[in-house]
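Colleague: I would like to go through the terms used for this protein and see what stands behind each of them. Please set each value against its cut-off.

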Amino acid sequence: MASTLCSSSTCAPTQSSLFSSFTLRRRLPLVGAFCMLSLGLSNLYTPFYSSALKTGCVLSLLRSKLGVRSHSAIRMEANSTTVPSIVVYVTVPNKDAGKKLAESIVTEKLAACVNRVPGIESVYQWEGKIQTDSEELLIIKTRQSLLEALTEHVKANHEYDVPEVISLPITGGNLKYLEWIKESTRE
(Lines give C-alpha, C1' and ligand atoms only; values in the text may rest on other atoms or scores of the structure.)
Protein backbone atom coordinates (compact mmCIF):
# COMPACT_ATOMS: atom_id res chain seq x y z
CA MET A 1 0.00 0.00 0.00
CA ALA A 2 2.77 2.47 0.83
CA SER A 3 4.38 1.93 -2.55
CA THR A 4 1.18 3.14 -4.23
CA LEU A 5 1.10 6.33 -2.17
CA CYS A 6 4.14 7.80 -3.86
CA SER A 7 5.81 7.16 -7.15
CA SER A 8 9.03 9.15 -6.91
CA SER A 9 12.43 7.66 -6.35
CA THR A 10 12.63 9.48 -3.01
CA CYS A 11 9.94 7.34 -1.46
CA ALA A 12 10.82 5.05 1.35
CA PRO A 13 11.00 1.24 1.19
CA THR A 14 8.00 -1.05 1.10
CA GLN A 15 5.06 -1.03 3.51
CA SER A 16 6.11 -4.09 5.47
CA SER A 17 9.31 -2.47 6.67
CA LEU A 18 7.56 0.79 7.64
CA PHE A 19 4.11 0.12 9.00
CA SER A 20 2.05 -2.51 10.65
CA SER A 21 -1.34 -2.95 9.02
CA PHE A 22 -2.96 -1.37 12.10
CA THR A 23 -0.76 1.72 11.83
CA LEU A 24 -1.41 2.06 8.12
CA ARG A 25 -5.20 1.79 8.56
CA ARG A 26 -5.08 4.34 11.35
CA ARG A 27 -2.98 6.82 9.35
CA LEU A 28 -4.55 6.36 5.91
CA PRO A 29 -7.05 9.24 6.40
CA LEU A 30 -4.08 11.51 7.09
CA VAL A 31 -2.51 10.42 3.82
CA GLY A 32 -5.67 11.36 1.93
CA ALA A 33 -5.83 14.76 3.59
CA PHE A 34 -2.19 15.54 2.85
CA CYS A 35 -2.54 14.36 -0.75
CA MET A 36 -5.46 16.78 -1.17
CA LEU A 37 -3.32 19.60 0.19
CA SER A 38 -0.33 18.74 -1.96
CA LEU A 39 -2.52 18.85 -5.09
CA GLY A 40 -3.11 22.54 -4.56
CA LEU A 41 -6.37 22.44 -2.64
CA SER A 42 -4.97 24.77 0.00
CA ASN A 43 -8.35 26.35 0.69
CA LEU A 44 -9.27 23.19 2.60
CA TYR A 45 -6.47 23.38 5.14
CA THR A 46 -6.80 24.18 8.83
CA PRO A 47 -4.45 26.44 10.85
CA PHE A 48 -2.58 23.30 11.98
CA TYR A 49 -1.27 22.81 8.46
CA SER A 50 -0.69 26.47 7.56
CA SER A 51 3.00 26.58 8.47
CA ALA A 52 3.68 23.49 6.38
CA LEU A 53 1.86 25.00 3.41
CA LYS A 54 3.61 28.36 3.70
CA THR A 55 7.02 26.71 3.66
CA GLY A 56 6.10 24.22 0.95
CA CYS A 57 6.93 21.21 3.07
CA VAL A 58 3.65 19.31 2.99
CA LEU A 59 5.52 16.22 1.83
CA SER A 60 7.92 16.54 4.75
CA LEU A 61 5.00 16.91 7.16
CA LEU A 62 3.31 13.88 5.62
CA ARG A 63 6.46 11.81 6.00
CA SER A 64 6.93 12.92 9.60
CA LYS A 65 3.34 12.03 10.47
CA LEU A 66 3.76 8.60 8.87
CA GLY A 67 7.13 8.06 10.50
CA VAL A 68 8.95 7.90 7.17
CA ARG A 69 12.50 9.24 7.05
CA SER A 70 13.34 11.08 3.87
CA HIS A 71 16.84 10.93 2.47
CA SER A 72 16.46 13.55 -0.27
CA ALA A 73 13.33 15.66 0.17
CA ILE A 74 13.23 18.62 -2.22
CA ARG A 75 11.22 21.58 -1.07
CA MET A 76 10.90 25.26 -1.82
CA GLU A 77 13.15 27.28 0.47
CA ALA A 78 12.78 30.99 1.10
CA ASN A 79 15.05 32.36 -1.60
CA SER A 80 15.33 35.79 -3.20
CA THR A 81 16.40 34.24 -6.51
CA THR A 82 12.95 32.68 -7.08
CA VAL A 83 9.35 33.89 -6.99
CA PRO A 84 6.14 32.10 -6.00
CA SER A 85 5.44 29.98 -9.07
CA ILE A 86 2.51 27.98 -10.41
CA VAL A 87 1.59 25.38 -13.00
CA VAL A 88 -1.48 26.27 -15.05
CA TYR A 89 -3.58 23.80 -17.05
CA VAL A 90 -5.39 24.96 -20.19
CA THR A 91 -7.09 22.63 -22.66
CA VAL A 92 -7.41 23.50 -26.34
CA PRO A 93 -9.41 21.84 -29.13
CA ASN A 94 -6.53 20.85 -31.42
CA LYS A 95 -2.81 20.98 -32.22
CA ASP A 96 -2.95 24.23 -34.20
CA ALA A 97 -4.84 26.06 -31.45
CA GLY A 98 -2.39 24.71 -28.86
CA LYS A 99 0.67 25.80 -30.82
CA LYS A 100 -0.73 29.27 -31.49
CA LEU A 101 -1.77 29.87 -27.87
CA ALA A 102 1.45 28.42 -26.40
CA GLU A 103 3.62 30.62 -28.62
CA SER A 104 1.64 33.76 -27.80
CA ILE A 105 1.90 33.06 -24.04
CA VAL A 106 5.68 32.65 -24.18
CA THR A 107 6.13 35.60 -26.58
CA GLU A 108 4.24 37.85 -24.15
CA LYS A 109 6.47 36.53 -21.30
CA LEU A 110 3.38 35.34 -19.44
CA ALA A 111 5.13 32.00 -18.91
CA ALA A 112 8.61 30.57 -19.05
CA CYS A 113 7.49 27.32 -20.66
CA VAL A 114 4.39 25.69 -22.10
CA ASN A 115 4.27 21.92 -22.59
CA ARG A 116 1.78 20.70 -25.19
CA VAL A 117 0.35 17.27 -24.43
CA PRO A 118 -1.56 15.88 -27.42
CA GLY A 119 -4.11 13.10 -27.44
CA ILE A 120 -6.07 13.68 -24.25
CA GLU A 121 -9.76 12.90 -24.14
CA SER A 122 -12.02 15.08 -22.01
CA VAL A 123 -15.39 13.94 -20.71
CA TYR A 124 -17.53 16.73 -19.28
CA GLN A 125 -21.05 18.04 -18.94
CA TRP A 126 -21.99 21.03 -21.11
CA GLU A 127 -25.46 22.48 -21.66
CA GLY A 128 -27.06 19.50 -19.93
CA LYS A 129 -25.33 16.83 -22.03
CA ILE A 130 -22.31 14.62 -21.47
CA GLN A 131 -19.65 15.51 -24.05
CA THR A 132 -16.48 13.67 -25.07
CA ASP A 133 -13.83 15.54 -27.04
CA SER A 134 -10.25 14.99 -28.14
CA GLU A 135 -8.14 17.88 -26.92
CA GLU A 136 -4.59 18.99 -26.27
CA LEU A 137 -3.46 19.98 -22.77
CA LEU A 138 -1.18 22.95 -22.19
CA ILE A 139 0.93 22.75 -19.02
CA ILE A 140 2.14 26.28 -18.32
CA LYS A 141 4.89 27.22 -15.83
CA THR A 142 4.79 30.82 -14.66
CA ARG A 143 4.87 33.25 -11.75
CA GLN A 144 1.89 33.28 -9.41
CA SER A 145 1.66 37.04 -9.89
CA LEU A 146 0.97 36.56 -13.63
CA LEU A 147 -2.10 34.33 -13.21
CA GLU A 148 -4.64 37.11 -13.77
CA ALA A 149 -2.85 38.44 -16.89
CA LEU A 150 -2.42 34.89 -18.20
CA THR A 151 -6.10 34.12 -17.63
CA GLU A 152 -7.16 37.26 -19.52
CA HIS A 153 -4.78 36.41 -22.37
CA VAL A 154 -6.20 32.88 -22.64
CA LYS A 155 -9.79 34.15 -22.58
CA ALA A 156 -9.04 36.70 -25.31
CA ASN A 157 -7.21 34.21 -27.56
CA HIS A 158 -9.13 30.96 -27.04
CA GLU A 159 -11.80 29.33 -29.20
CA TYR A 160 -13.93 28.16 -26.26
CA ASP A 161 -16.60 30.32 -24.61
CA VAL A 162 -15.36 29.16 -21.19
CA PRO A 163 -11.72 28.06 -21.47
CA GLU A 164 -10.18 25.98 -18.71
CA VAL A 165 -7.58 27.92 -16.74
CA ILE A 166 -6.68 26.30 -13.43
CA SER A 167 -3.52 26.73 -11.39
CA LEU A 168 -1.61 24.65 -8.88
CA PRO A 169 1.21 25.96 -6.68
CA ILE A 170 4.78 24.83 -7.23
CA THR A 171 6.04 23.98 -3.75
CA GLY A 172 9.50 22.72 -4.63
CA GLY A 173 11.81 21.48 -7.32
CA ASN A 174 15.07 22.20 -9.08
CA LEU A 175 16.23 25.59 -7.79
CA LYS A 176 17.90 26.47 -11.11
CA TYR A 177 14.65 25.72 -12.99
CA LEU A 178 12.64 27.86 -10.54
CA GLU A 179 15.15 30.69 -11.00
CA TRP A 180 14.75 30.29 -14.78
CA ILE A 181 10.97 30.73 -14.46
CA LYS A 182 11.60 34.03 -12.69
CA GLU A 183 14.16 35.20 -15.26
CA SER A 184 12.03 34.20 -18.28
CA THR A 185 8.79 35.94 -17.29
CA ARG A 186 7.77 39.55 -16.94
CA GLU A 187 7.21 41.11 -13.54
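Modeller: Let us start with T132, which, leaving aside neighbours within four places in sequence, is in contact with E121, S122 and V123.

Colleague: What makes E121, S122 and V123 contacts of T132?

Modeller: Contact means heavy atoms within 4.5 Å, so E121, S122 and V123 each meet that limit with T132. The C-alpha atoms of T132 and S122 are separated by 5.6 Å, and these residues are ten apart along the chain. T132 is found in strand β3; strands (E, at least two residues) and helices (H or I, at least four) are DSSP runs, numbered from the N terminus.

Colleague: Why is T132 called partly exposed?

Modeller: Buried means under 20% relative accessible area, exposed over 50%, and partly exposed in between, with a 1.4 Å probe and protein chains only. T132 has a relative accessible area of 45%, so T132 is partly exposed.

Colleague: What kind of model is this, and how are residues numbered and filtered?

Modeller: It is a predicted model, in which local features need pLDDT of at least 70 and side-chain atom pairs count only at pLDDT 80 or more, while totals for chains, interfaces and linings use all residues. Residues are numbered from 1 along each chain as its sequence is written, and side-chain values use heavy atoms, with hydrogens and water left out.

Colleague: What is the mean pLDDT of the protein, and where does pLDDT stay under 50?

Modeller: pLDDT is the predictor's confidence in each residue, from 0 to 100. The mean is 75, and 58% of the residues reach 70 or more. It stays under 50 over residues 1–28, for which the model has 21 contacts beyond four places in sequence. Over residues 68–74 the pLDDT is also below 50.

Colleague: E135 also lies in strand β3. How do you know that E135 has no salt bridge?

Modeller: A salt bridge is a side-chain nitrogen of Lys or Arg within 4 Å of a carboxyl oxygen of Asp or Glu. For E135, which is buried, the nearest side chain of opposite charge is R116, 13 Å away, so the 4 Å limit is not met. Lys and Arg count as positive, Asp and Glu as negative, and His and the chain ends are not counted.

Colleague: What does the side chain of E135 make a polar contact with?

Modeller: Its partner is the side chain of Y160, at 2.5 Å. A polar contact is a pair of N or O atoms within 3.5 Å; within protein, one must be able to donate a hydrogen and the other to accept it, and residues adjacent in sequence count only if both atoms are side-chain atoms. The 2.5 Å value is therefore inside the limit.

Colleague: What makes a set of residues a nonpolar core?

Modeller: The members are buried Ala, Val, Leu, Ile, Met, Phe, Trp, Tyr and Cys residues joined through side-chain atoms within 4.5 Å. The largest core has 15 residues, and V90, L101, I105, V114, L138, I140 and L150 touch the most other members. β1 (85–92), α6 (95–107), β3 (129–143) and α7 (147–157) each give two or more residues to this core.

Colleague: Why is K109 called partly exposed, and E127 exposed?

Modeller: K109, in the loop between α6 and β2 (113–126), has 42% relative accessibility and so counts as partly exposed. E127, in the loop between β2 and β3, has a relative accessible area of 70% and is therefore exposed. Neither is a glycine, yet phi is positive in both: about 60° for K109 and near 50° for E127.
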